[in-house]
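Hi there,

Here is the structure I promised to pass on. Please have a look, and then read my notes below.

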Amino acid sequence: MSTDIAIPFSPPDITDEEIAEVVDTLKSGWITTGPKVKELERRLSEFCHTPKTACVSSATAALECALRVLGIGPGDEVITSAYTYTASCSVICHVGATPVLCDTAPNSFEMDYSALKALITPKTKAIIPVDLAGRMVDYDALFDVVESAKASFVAASPRQEALGRVAIIADSAHALGAVRQGAPAGSVADLTAFSYHAVKNFTTAEGGALTWRADTFDDEALYTELMLWALHGQTKDALAKTKAGAWEYDIAFPGYKCNMTDIQAALGLVQLKRYPQLLARRRELVSLYLANLDPQRISVLRHYENGEGADDSLADDAYARTMKHGYSSSGHLLICRLPGKTQAFRNALIEEMAKRGVTTNVHYKPLPLLSAYRNLGFEPADFPHAMAQFENEITLPLHTLLSNEDVVTVCRVFDEAYTLLDDEGIA
């Protein structure tokens, strides 16, 4: 089928201002970790209302560093959602801990908090919830769970002892700029990891960051240790070593190499300046989708308190009722479900829309479907609610390079493809 339509799924929104900032960095003579990284960290902390932020090479690196600085390793257990991307779980394996998967609640993309409590043992040291699509999870419920399990908690490091309970490490890869009950993402969980990958709302091409809520840790000591983990355990970074006579350094422990560069931070500094407008545009796009999609054929994950969208789990505003002061996601992904349809129909719809020039996606295959986690003993049948969410999930394009006309086109192509498959008897 020939078509003049070409709507990509998630290209980066880069302007001449970002390009100029990167060129300035290239001309500055300093392109690795330096003053622009430190400035981006400062501004991100202001944006997230957090005491400190450590920029690194990815959200995956940020999550692993979070586990490391909490002293989590072999013999420990860490719980995460069965419905997520591998990075939420692979880091648990990286540090030698044992991953424990929690099914989602029925008709929901969030962990089942009642089931979560039963998974906590004296070996449990952390929970990694996932702010899927940019919507913050029910942190009130999470903190209630870990507080109720305090009696069985066994601390194995000074920071664990200071917390006195299971740590909550948010995988907020999608959620920079999200707000829940008046608190921005990054300021709620004990520690929060963000992704700045090329497909994210806010990008540094590759990159990520770890931040943490106030009055929880010794901020300077935690930041210093994170910087050691990010640069081989080296006690001076490259910028510090350039000062006259300051070549001497030590290696405190065998760390990693996952620092962010000033070239990346240059992108981020401009992206962050533009970010309020980018978030506002995403909200407009979600509203436009909802005005043009047939709710009998597709349900959209709720992103905003004002009634824009609803998925099956929110038909009775269950999520909204947990809010005291409202919520707003980052509008990262237009996660949808096809009520009453099967995986075969969803897959055929993706192919048919692609033929017509519209790229869609699926977020995500539950971890038990993947070989890495099947090999660890996880079986899809043990996570029926996550499997049901995946079976008819489809993600439509949502990015700030879309025009209003593009959204209308996506909705029209969706409707045409859906009708065609219905007429062909695909269930």
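A residue counts as buried here when its relative accessible area is under 20%. Please keep in mind that this is a predicted model.

By that cut-off, helix α4 (residues 87–94) is mostly covered, with 6 of its 8 residues buried. They are Ala87, Ser88, Cys89, Ser90, Val91 and Ile92. What do the buried residues of α4 pack against? Their neighbours are two helices and four strands by label: α3 (59–69) and α13 (371–374), along with β2 (77–81), β3 (98–102), β4 (124–128) and β5 (167–171). After α4 comes glycine 96, which has a positive phi near 85°.

The other part I enjoyed is a small group of strands. An open, antiparallel sheet is built from 3 strands in the order β10-β12-β13. Because β10 (299–300) and β13 (393–396) each have a single partner strand, they stand at the edges, and one side of each lacks a neighbour in the sheet. Strand β12 (residues 334–337) joins β13 through 4 bridges in the antiparallel sense.

Within β12 you will find arginine 337, and its bridge partner in β13 is glutamate 393. Is arginine 337 buried or exposed? Its relative accessibility is 5%, so arginine 337 counts as buried. The side chain of arginine 337 has polar company as well: one of its polar atoms lies 3.1 Å from the backbone oxygen of alanine 388, and there is a polar contact with the side chain of asparagine 392, also at 3.1 Å.

Best wishes

Definitions and conventions
Residues numbered from 1 in each chain as written. Predicted model: local features only at pLDDT ≥ 70, side-chain atom pairs only at ≥ 80, totals over all residues. Heavy atoms only, no water. Pairing = 2+ DSSP bridges. Buried < 20%, exposed > 50% of the residue type's maximum accessible area, 1.4 Å probe, protein only. Contact = heavy atoms within 4.5 Å. Polar contact = N/O pair within 3.5 Å; in protein donor to acceptor, adjacent residues only side chain to side chain.
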